[in-house]
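User: I would like to go through the strand pairing and the charged side-chain contacts of this model, one question at a time.

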Amino acid sequence: LNKGRAHGIEPVMAVISPQGLVGKTISVSEHFSLVLPIIHPKATFSIQVLDSYYFGLLKWDGGKPTHAKFTEIANHADVQPGDTVITRESLTLPKGIPVGEIVSVQPIEGSNFLDVDIRLFVDFASLYHVQVVQNALKEEQIKLEQQVP
């Protein structure tokens, strides 16, 4: 991004577009920022099904830039094609940023998890304008979490 520390950007801030989640900042200089997009094999983001408490991780498998996997979702979860997936609140992400729509759900044989494919809302082939989201309560949250023995 052509914005950096001088513009209030810090590492580990959410990056979004009007369509949904893009990624997070990972490195920042005075005037520029590097973003780890959700379509990177090393990226993971906490997500959940809209209007439910079923959650897991968003991971890109290196395939189509329009699809990703909803991993580590329990095989008893009631998720269906057509369900909307959003971000789950974390240090990086506020809850409720649109991510995508579930297109298929398959049980994984011999596993306690489902194989869930998501069509992403963000079109990375035409992505141009993004916003960076700051968690205003991040420091307080970190402090509290550090108190846990």
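**Sheet and salt bridges**

User: In what order do the four strands of the open sheet stand, and how do they pair?
Analyst: The model is a predicted one, and in it four strands build an open sheet whose pairing is antiparallel. Read across the sheet, the order is β3-β2-β1-β10.

User: Which strands stand at the edges of this sheet, and why is one side of each left without a neighbour?
Analyst: An edge strand here has a single partner strand, so one of its sides has no neighbour in the sheet. This applies to the strand at residues 33–37 and to the one at 131–133, which are β3 and β10.

User: By how many degrees are neighbouring strands of this sheet turned against each other on average?
Analyst: The angle is taken with direction ignored, and it is an average over neighbouring strands of the sheet. On that basis, the turn is 40 degrees.

User: How many bridges join β1 to β2, and which residue is the bridge partner of V15?
Analyst: Strand β1 covers residues 14–16 and strand β2 residues 21–28, and the two run antiparallel, joined by three bridges. Within β2, the bridge partner of V15 is G23.

User: How many salt bridges does a search of the whole structure find, and how far apart in sequence are the parts tied together by R5 and E30?
Analyst: The search finds four salt bridges, and one of them joins R5 to E30, with the closest N and O atoms 3.6 Å apart. R5 belongs to the segment before β1, whereas E30 sits in the loop between β2 and β3, so the parts tied together by this pair are separated in sequence by 25 residues.

User: Is R5 buried, partly exposed or exposed?
Analyst: Partly exposed residues fall between the cut-offs of 20% and 50% relative accessible area. With a relative accessibility of 48%, R5 therefore counts as partly exposed.

User: Which strands hold K69 and D115, and how far apart in sequence are the parts that this pair ties together?
Analyst: K69 and D115 form a salt bridge in which the closest N and O atoms are 3.0 Å apart. K69 is in strand β6 (residues 67–71) and D115 in strand β9 (residues 114–120), so the pair links parts whose separation in sequence is 46 residues.

User: What is the N to O distance between E101 and R119, and which strands does this pair tie together?
Analyst: The side chains of E101 and R119 meet in a salt bridge at 3.2 Å, N to O. E101 lies in the strand at residues 98–107, so the pair ties together β8 and β9.

How values were computed:
Residues are numbered from 1 along each chain as its sequence is written. This is a predicted model: local features need pLDDT of at least 70, side-chain atom pairs count only at pLDDT 80 or more; totals for chains, interfaces and linings use all residues. Side-chain values use heavy atoms; hydrogens and water are left out. Two strands pair if DSSP finds at least two bridges between them. Axes are lines fitted to C-alpha atoms, for helices over the stretch in contact, and angles run from 0 to 180 degrees between N-to-C directions. Buried means under 20% relative accessible area, exposed over 50%, partly exposed in between (1.4 Å probe, protein chains only).
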